[in-house]
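User: Please take a close look at the largest pocket in this model. What is its volume, which residues line it, and which elements do they come from?

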Amino acid sequence: MSNVLLGLADKQWIWIATVVFASTFVLGSYSALKLRRKTGRPYILGLVTFGWVLQTIGLYARGLQYGGCPLSNQFELVQFMVWSAIAIYIFVGPAFRVSLLGVFASGFACVFSILSLALENWDDPSRKPIFGESPWIETHAALALFSYGVFGVLTLTSAMYLLQSRSLKTKKVVGGLFPFLPSIVELVSINRRLLVMGFSILTVSLAIGYRYFMEDLESVLTIKLASTVAVWIAYAITLALRLKFSLTSKKFAWACIGIFLAALLSLAAVNRSTKSSSPTAEPAQSSEVS
């Protein structure tokens, strides 16, 4: 079932947004790698924002059937994470003054959007809502996915750091990107701020979920809770070590990339536990949460 808005189904809007993200990535990469030109931030920001607006319309159309955020299967979880990462780039990214961040962000959105659209089994046609009647638990889930979007951007800037670090160490230009990458010092600062931001949002999400779980312990799904808490603990340890200077910038960047990849696997665990507890499988647990 598809919800139609302004003449197009929800997935059609998301497909068009994906094409815009892909075009932005190709144009930005071509400009940097082939033409050796610094791509203007307003130009990239405008294209990414256009794709984000199209994706927003698609997700809004899909959310109409739930009356809330579309977070009922793995396709929607990934799409919401991508939407969050692009929102961070649009509204926070300009403060970082990193010209290539838009190119990296559009590539990130393109890869995950194509992946979620290509794997049809991710888009469970039953589309059962997972939040029941609780707006608090919906807020908990949306904030958790939004923090994953922040961590996605952190993964991109961590990759930039590793590229820049390798260029400086080998005194060679990595893929022609060196002139367009920010300095090591700037990337270290950006990575720390993004980790603090994502960790804070995830902490608030878990605090909201904890209050709900304490009121209804039977609704707690072990796999969902364990995977989310594991991601939170991993980022907490990484942040603590970094603040104590016990973790070098290079190890910090690798840690952020590794934890994010593990966090993506936790989305699959959330999806599986959601399906196993769906109203179709167990009607009594129709309001269970992530």
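Analyst: In this predicted model, the largest pocket has a volume of about 260 Å³. Its lining is made up of 18 residues, and those closest to the pocket centre are Phe104, Gly107, Phe108, Leu156 and Ala159. Two or more lining residues come from each of α1, α5, α6 and α9. The top contributor is α5, which supplies five residues. By class, 14 of the lining residues are nonpolar and four are polar, while charged residues are absent.

The elements that line the pocket also take part in the largest nonpolar core. That core has 75 residues, with Met81 and Ile86 touching the most other members. Two or more core residues come from each of α1 (10-33), α2 (41-63), α3 (74-91), α5 (101-118), α6 (135-170), α7 (184-215), α8 (222-243) and α9 (249-276).

Phe108, one of the residues closest to the pocket centre, is in contact with Met81. Leaving aside neighbours within four places in sequence, Met81 also contacts Phe112, Leu145, Tyr148, Gly149, Phe260, Leu264 and Leu267.

As for the setting, the protein chain holds nine helices and two strands, and both strands precede the helices when the chain is read from the N terminus. Of its 290 residues, 53% count as buried. Among contacts between residues at least 6 apart in sequence, 80% join residues at least 24 apart. The chain exposes about 13500 Å², of which carbon and sulfur atoms supply 67%.

Note on methods. Residues numbered from 1 in each chain as written. Predicted model: local features only at pLDDT ≥ 70, side-chain atom pairs only at ≥ 80, totals over all residues. Heavy atoms only, no water. Helix = DSSP H or I, 4+ residues; strand = E, 2+ residues; numbered from the N terminus. Buried < 20%, exposed > 50% of the residue type's maximum accessible area, 1.4 Å probe, protein only. Contact = heavy atoms within 4.5 Å. Areas by Shrake-Rupley, 256 points an atom, 1.4 Å probe, with all protein chains shown as cover. Core = buried A, V, L, I, M, F, W, Y, C linked by side-chain atoms within 4.5 Å. 1 Å grid on protein atoms, 1.4 Å probe; cavity = no way out; pocket = protein on both sides within 12 Å on 5 of 7 lines; lining within 4 Å. Points joined across faces, edges and corners; volume = space filled by probe spheres on them. Nonpolar A, V, L, I, M, F, W, Y, C, P; charged D, E, K, R; others polar.
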